[in-house]
Amino acid sequence: MNQQLQIIIITGMSGAGKTVAIQSLEDMGFFCIDNLPPTLLPKFLDIVDEAGDKLNKLALVMDLRGREFFDSLFGAIDSLGNKEHIQPQILFLDSEDETLVRRYKETRRSHPLAPHGTPLEGIQAERKVLEEIKGNAQYYINTTGLEPRQLKEKIMGMFDEGNTSSFNVNVLSFGFKYGIPIDADLVFDVRFLPNPYYIEHMREQTGLETDVSDYVFKWTETKQFLQKLTDLLTFMLPHYKREGKHQLVLAIGCTGGKHRSVALAEYLGQFLKEYSDTIVYHRDIDKGKEKAHGK
């Protein structure tokens, strides 16, 4: 009898970080193949079966570079249903249009769906093609604002050693003026707290600096909010784990994502380490450096 075979199919928007994803999984001991045409998946798995127990973790990138084969992806995945020892899972990587356009411009590459058009035209066409597979993905990561190191940490939290019992909390600070993170499970609005932006010497600082964090935490309403929020989270986390959830994205938002939300996200990241594997990242902390604007 074949041992259990874990297969991670990596797909998503071009430029959203699939290269970092497959490199991260390779570092975790997955056998990785980039740009495998879906029509070749069943034949490849026959070869894997012949290898016996030598391969038990696979990661495969399937994207629109092989777009003539892409329509067959669902059929290829369905064909795995007859093999009880195989566990296929889809990891979908996404990013905001603005970020994808910037990445294309930085690399001077053309989009695979618009080789003679603008990157944005290709991105918009790609979203329509990938809409169905995005809805069927077991794992979703929006890489907007993530450095490669942070993306690797998120992927390791999801798949390291195939530990399905792990539970990871990603604490994200953001600015409402730049939009609510679409991958957030819980969103808390802290714009009711006193704003350090209006203290002149703190305006260009961030919540990572002592002056700003001390200002945020000195208020009674901040202390009351954190007491109530940490009580809520310590109640909720065990129930999420019991229901089989592996990841929770907790988003803390202020107006600009630079002061209040950053300080509170750092605090919650430290607090939650007692209860789960925790990663803290700040989506909007560097935005607006070119020109002064409110938080």
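**View 1. Asn-170 stands opposite Val-249 in β8.** This is a predicted model, where local features need pLDDT of at least 70, side-chain atom pairs count only at pLDDT 80 or more, and totals for chains, interfaces and linings use all residues. Residues are numbered from 1 along each chain as its sequence is written, and side-chain values use heavy atoms, with hydrogens and water left out. Zoom out a little and you'll find eight bridges joining β6 (residues 168-175) to β8 (residues 247-254), two strands that run parallel. Strands count as a pair if DSSP finds at least two bridges between them.

**View 2. Four strands make an open sheet in the order β7-β8-β6-β9, with parallel pairing.** β7 (186-189) and β9 (277-282) sit at the edges with a single partner strand each, so one side of each has no neighbour in the sheet. From one strand to the next, the twist averages 20°. Strands here are DSSP runs of E, at least two residues, and helices are runs of H or I, at least four, all numbered from the N terminus.

**View 3. Helices α7 and α9 lie across strands of the sheet.** Helix α7 (residues 148-159) crosses β6, β8 and β9, at about 155° to β9. Helix α9 (residues 220-242) crosses β6, β7 and β8, at about 175° to β7. Angles run from 0 to 180 degrees between N-to-C directions, using axes fitted to C-alpha atoms, for helices over the stretch in contact (heavy atoms within 4.5 Å).

**View 4. Confidence is highest in β7, at a mean of 97, and lowest in helix α3 (residues 67-70), at 56.** That score is pLDDT, the predictor's confidence in each residue, from 0 to 100.
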